[in-house]
Amino acid sequence: MSEHFDVLIVGAGISGISAAWHIQDRCPSKTYAVLEARDDMGGTWNLFKYPGIRSDSDMYTLGFRFSPWNDSRTLADGPSILDYVHKTAANAGIDGHVRYRQKVVGAAWNTETQQWTVQVDHDGKTIEYTCSFLFCCSGYYDYDQGYSPEFPGLADFKGTVVHPQHWPEDLDYKGKKVVVIGSGATAVTLVPAMAPDTGHITMLQRSPTYILSLPNENPIINGLRKVLPPKVAYPVARWINIGQLIFSYQASRKFPRAARRIIMAQAKLQLPKGYDYKTHFGPKYNPWDERLCVVPNGDLYKAVRKGKADIVTDHIETFDETGIKLKSGKHLDADIVITATGLNLKFFSGVIPTVDGEPVDLPSQTVYKGAMLTGVPNMAFTIGYTNASWTLKADLVSEYVGRLLNYMDENGYVTAVPELADETLEKQPFMDFTPGYVLRALEELPKQGDKHPWRLKQNYAYDIGMMRRSRVTEGMRFGRKRAAAAPAAERAAVNS
């Protein structure tokens, strides 16, 4: 017999812990469990083990609203973030609700029973759960496989090739010549972290990314923490950083040329005199067309200044036995090549839910309040911001789900499904964002609309109003509990 929960949460990363905290805080009578495919919680911060792994969002907004980040560092390393997630879960009693090594492989909604049946692979054995509400908090990355393009001649290379998503614990790069392929957050983290121990390290990029240097400690916030009680200092610090995020993003989008000049000027100041910063640090796109990379205390620039690392902007012609031949004719000698070429996007961890036996056609569905899908009852998901900390959106979605569940209970409803009745709504791509991992998957993703509540604005201030204060009933169809079918003998008597 299947075990039943009021709410089943999929994923025990930041999103899943946020969901669990809000469910037990706002809906204390609800039973819930958290299903985690891995053998530990933490999501991204448990999976990635490469050198220097850290946040590229400040910890006052990447941290949970309900669990203060008490460290003085603004950008924290991966192990510290994982420890923070563990302590948050333990302090709230969430850890006792997490079930490990339980990978969801199927989810089916049945209108007759008005519940989900969730199939799980647990150490090779299939088990089932049922739930009244399914909350998908596994993010949108493929945790099994990173993105690796097919490089010509790769089989000829005699050295070691590593993808950061599968970092070998015994990799010895001391004194070695290392090439990191990529220019995103992973690459700009790896290069300065590995530089002191390598013989030399090169970041090879086809095109540059905007890189912003930030101090790893904020003196204003640390000053506030010294004079204010922790319960006051943390929300104040959080809102200072939220304000900075919103202002910098909006200003960059409205005045892209000015934003570009500021970022480029900062790069020029931190690089050696005469360095070709326009080629290696000047993208062709506008700021925030793709996510900005943040480096703490300019560590990447320092590695370049000291001559321990360099940046090469070129295209790969082919690999050979000793390294990489570039289209410019230059050759990069390498003992180790790290393909920091990005991740694959996988909605709902690749599981296609079914509704009454019919698979949900994701591209034909429309996203509701950035948290639910048209035509899919009693299911929510968390997708964080692309221009701010993931957790800001995760906390808002979790609050909204608690609010929705309470509204349903108060009004005698057992089902809630977004319903799009506006025929004038213009469908648009799921994300107004152009990094490779998004562009590669856009055709497989649901759509967003051009107006509230179907529009994803990537704006925390706007979303506060939409998730906390807008009508729960807008764009939503509710259903009450179905009457139980009469016994067969009773039905026969009625029909006779």
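**Chatting about the second largest pocket**

The lining of this pocket in the predicted model takes at least three residues from each of domain 1 (3-143 + 344-480) and domain 2 (148-341).

Me: Nice. What volume does the second largest pocket have?
Reply: Its volume comes to about 790 Å³.

Me: And which residues lie nearest its centre?
Reply: Those are Leu212, Leu214, Gln244, Leu245 and Ser248, out of 31 residues that line the second largest pocket.

Me: Which elements give two or more residues to that lining?
Reply: You'll want to look at strand E11 (211-214) and at three helices: H6 (219-227), H7 (230-254) and H8 (256-270). Helix H7 gives the most, with seven residues.

Me: How many of the lining residues are nonpolar, polar or charged?
Reply: For the second largest pocket, 18 are nonpolar, ten are polar and three are charged.

Me: Switching topic: what pLDDT does the chain average?
Reply: The average is 91, and 95% of the residues score at least 70.

Me: OK, and where does pLDDT stay under 50?
Reply: Over residues 485-496, and there the model has one contact beyond four places in sequence. Where pLDDT is low, the predicted coordinates shouldn't be read in detail.

Me: Got it. What does the secondary structure of the whole chain come to?
Reply: Happy to say: 14 helices and 25 strands.

Me: Why call the chain as compact as a globular protein of that length?
Reply: Because its radius of gyration is 25 Å, close to the 23 Å that the globule rule gives for 496 residues.

Me: Last one: what does the C-alpha trace span along its principal axes?
Reply: About 95 × 55 × 45 Å.

Note on methods. Residues numbered from 1 in each chain as written. Predicted model: local features only at pLDDT ≥ 70, side-chain atom pairs only at ≥ 80, totals over all residues. Heavy atoms only, no water. 1 Å grid on protein atoms, 1.4 Å probe; cavity = no way out; pocket = protein on both sides within 12 Å on 5 of 7 lines; lining within 4 Å. Points joined across faces, edges and corners; volume = space filled by probe spheres on them. Helix = DSSP H or I, 4+ residues; strand = E, 2+ residues; numbered from the N terminus. Nonpolar A, V, L, I, M, F, W, Y, C, P; charged D, E, K, R; others polar. Domains from an automatic or database assignment. pLDDT = per-residue confidence, 0-100. Contact = heavy atoms within 4.5 Å. Rg over C-alpha atoms; globule rule 2.2 N^0.38 Å.
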